[in-house]
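Student: I am new to this protein, and I would like to understand how the words used to describe such a model are justified. Could we go through them one at a time?

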Amino acid sequence: MCGIVGYIGPRDATPIILNGLKRLEYRGYDSAGLAVLNNGQLELRKDAGKLSQLVEHVNKSPIQGAPGIGHTRWATHGVPSARNAHPHLGQTGRVVVVHNGIVENFLELKDELTAEGIEFQSDTDTETIVHLVEHYMAAGLGLVEAARQTFQHIQGANVVVLMSADEPDKIVAARIGNAGGVVLGLGEGENFLASDIPAIMEHTQRVMYLEARQMAVVGRDQIQVETIEGVPVKPQVHVVSWDPVTAEKGEYRHFMQKEIHEQAQALTDTMAGRVDFARGQIRLNDLKLTQEFAKRIEKITITACGTAAYAGMVGKTLIEKIARIPVEVVIASEFRYSDPIIGPQDVLLAISQSGETADTLAAMEEGKRKGAALWSIVNAIGSQAMRIADGFISMQTGPEIGVASTKAFTAPLIDQYMLAIHLADLRGTLDEKTRRALVADLRLVPDLVSRTLEREAEVEKIAYRLKDVHDCLYLGRGINMPIAYEGALKLKEISYIHAEGYPAGEMKHGPIALIDASMPVVCIAPKDPWHAKMISQIQQAKARGGTVIAIATDGDELVQGMADYVLWVPETPWMLSPAITVLPLQMLAYHIASIRGLDVDQPRNLAKSVTVE
Ligand code: AGP
């Protein structure tokens, strides 16, 4: 989960690469570097820490030239340091590499290369790649063929980008397995490459994507793509509609706060072109779902990681309730090694913001291997999870930059609600009146979101009261049980406070022992079918001296009478309530982290897209 940018053309590559890396910093931010070719010499600058360190370094000792490649890192092998930062030079100083992923056989390769007299300058697995390329070049191969040999010898999921001072007319890039994307950007007399679209969208909106086991030779005027085995490929050229402004913070202090406040529009966008309010119908064209197959589906397995998995848990309740199809939710990192019972009559539905999460992609591969239909709900346009699926639903929320996912959590809640209606409609298990009522409720969502977000100031007040707590328990039931998990995850990942989400009914079977005056208990208790049960959970927590923060529906005096603090949400149809009850929890986590002065958008140890196991 690193960010890579490359440029070849008449302009100085340095500013293009540094600006591109800035837009990819959410992918990894513990060290960074770049290399450019200047008068036949490779010039490198690299540093530990944020990209701003590198920018300062380059300002102090400028470099310029082209082509150029750059990298922002999330360390896997070798601690974050200038020594382990990419790019890595080969022993000749004439070849340089940047890399995303893990070379799983790097220890054997390192031993072989060390035996040949190669001295390693870093602790990274990446360095073996450039030494191997030089090994093949020393045997007489040019950069492209030496790279091809190397790609066939390294194991694991990797994205590799190489340059040679002796072949200044090209950059060689390869995608071996699922180690994050490679986007090739088409310019006029210049070309670009990057791990993700935001890095290059200010220069071009015409892009191609490298598939797994493909490599590209990127020149000024042309990009040649072929398989690692040498078979020519003609990738489709896509035109990306995202405008660069969406990748700016605007008047907000953090991308996370901006993305929280984009949700009324994001949920409107995720319904765009899919909801026919007049007929009370849902259209999901990219899913390519036939009535014949819809009627044959025996089980749906939802697989994902982190926040996306919690969205899937809400989807389970929606699909089972509306479409009456059995649904199981399996964490992707478990699914891929569990020899799952799934087959041609089943669907594997993967949910992913980035569409590049290694565990989720591997789970999809496993589902495909077992013959299941592959569906995905994805935000990143053109990402692997979108491309390898038989059918997909794009979240349509635009780029999500903050590492803590917000709008890419609420959008799939609405997408699964629409999917459930679509499935039931095709299976003929939903009467017209009910279907129209369910569809009509969707019209309420943007306004309900806006009205909830307008209450940010109230949330901020409670955040000040909780800013110094060490632990926090989140409780929810039924369709809002996953919101307890999501609320706790948001607090954990950006404020570093230990928080636990728990099915409220389970509290009395253990966690209740944790409760005392120092343990805040967040109870998600809107007016839904589980409201009465949640009331007794609040009473149990209060009886042990817990400090209760309740998410409650406007006017709920019962909860108001019991809770220490109430975060109010407007009355919402219960099947849509998770998209509303989560909003105060997103804002609570955001304000606690921001009051604690933490780096909300780039929390320690995390990255936006987890492209390694
Ligand atoms: C959520 O805030 C985290 N960034 C993380 O849990 C994330 O949801 C998980 O890594 C899955 O990412 P994906 O949706 O891009 O696959």
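The conversation below takes up overall form, burial, salt bridges and contacts in turn.

Tutor: Please keep in mind from the start that this is a predicted model.

Student: What radius of gyration does the protein have, and how does that agree with a compact globule?

Tutor: For 613 residues the rule for a compact globule gives a radius of gyration near 25 Å, and the protein has 25 Å, so the two agree. Along the principal axes, the C-alpha atoms fill a box of roughly 80 × 55 × 40 Å, and the secondary structure comes to 20 helices and 27 strands.

Student: How much of the protein counts as buried, and how much area does the protein expose?

Tutor: Of the 613 residues, 61% count as buried. The exposed area is about 22200 Å², of which carbon and sulfur atoms supply 51%.

Student: Why is G391 called buried?

Tutor: Buried means under 20% relative accessible area, and G391 has 0%, so G391 is buried. This residue is found in strand 22, which spans residues 391–394, and, leaving out residues up to four places away in sequence, G391 touches D286, L287, K288, L374, W375 and S376. One of these partners, W375, is 16 residues from G391 in sequence, while the C-alpha atoms of the two are 5.0 Å apart in space.

Student: Why does R27 count as buried?

Tutor: The relative accessibility of R27 is 2%, which is under 20%, and therefore R27 counts as buried. R27 is found in the loop between helix 1 and strand 2, and its C-alpha atom is 28 Å from that of L143, a residue 116 places away in sequence.

Student: Which residues of helix 5 are buried, and what covers them?

Tutor: In helix 5, residues 143–153, the buried residues are L143, V144, A146, A147, R148, T150 and F151. Their cover includes strand 6, helix 4, strand 7, strand 8, strand 12 and strand 13.

Student: What makes R148 a buried residue?

Tutor: R148, which lies in helix 5, has a relative accessible area of 8%, and because this is under 20% the residue is buried. Apart from neighbours within four places in sequence, R148 is in contact with M215, E226, T227, I228, E229 and G230.

Student: How do you know that R11 and E190 meet in a salt bridge?

Tutor: A salt bridge requires a side-chain nitrogen of Lys or Arg within 4 Å of a carboxyl oxygen of Asp or Glu, and the side chains of R11 and E190 meet at 2.9 Å, N to O. R11 lies in the loop between strand 1 and helix 1, and E190 in the loop between strand 9 and strand 10, so the pair ties together parts that are 179 residues apart in sequence.

Student: Are the two partners, R11 and E190, buried or exposed, or in between?

Tutor: R11, at 36% relative accessibility, counts as partly exposed because this value falls between 20% and 50%. E190, at 11%, is under 20% and therefore counts as buried.

Student: Why are E167 and K170 called buried, and what do their side chains form?

Tutor: Their side chains meet in a salt bridge at 2.9 Å, N to O. E167 has a relative accessible area of 18% and K170 one of 14%; each value is under 20%, so each residue is buried.

Student: Which parts of the chain does the salt bridge of E229 and R213 link?

Tutor: The side chains of E229 and R213 meet at 2.9 Å, N to O. The pair links distant parts of the chain, with E229 in the loop between strand 13 and strand 14 and R213 in the loop between strand 11 and strand 12, 16 residues apart. E229 has 47% relative accessibility and R213 has 35%, and because these values fall between 20% and 50%, both residues are partly exposed.

Student: How many salt bridges does the structure hold, and which residues do shared partners join into one network?

Tutor: The structure holds 37 salt bridges, and those that share partners join D425, E432, R435 and R436 into one network. As for charge in general, the protein has 59 positive and 75 negative side chains, and the centres of the two sets lie 5 Å apart.

Conventions: Residues are numbered from 1 along each chain as its sequence is written. This is a predicted model: local features need pLDDT of at least 70, side-chain atom pairs count only at pLDDT 80 or more; totals for chains, interfaces and linings use all residues. Side-chain values use heavy atoms; hydrogens and water are left out. Helices (H or I, at least four residues) and strands (E, at least two) are DSSP runs, numbered from the N terminus. Buried means under 20% relative accessible area, exposed over 50%, partly exposed in between (1.4 Å probe, protein chains only). The radius of gyration is taken over C-alpha atoms; the globule rule is 2.2 Å times the number of residues to the power 0.38. Accessible areas come from the Shrake-Rupley method with a 1.4 Å probe; for residues, only the protein chains shown count as cover. Lys and Arg count as positive and Asp and Glu as negative; His and the chain ends are not counted. The place of a charge is taken as NZ of Lys, CZ of Arg, CG of Asp or CD of Glu. Contact means heavy atoms within 4.5 Å.
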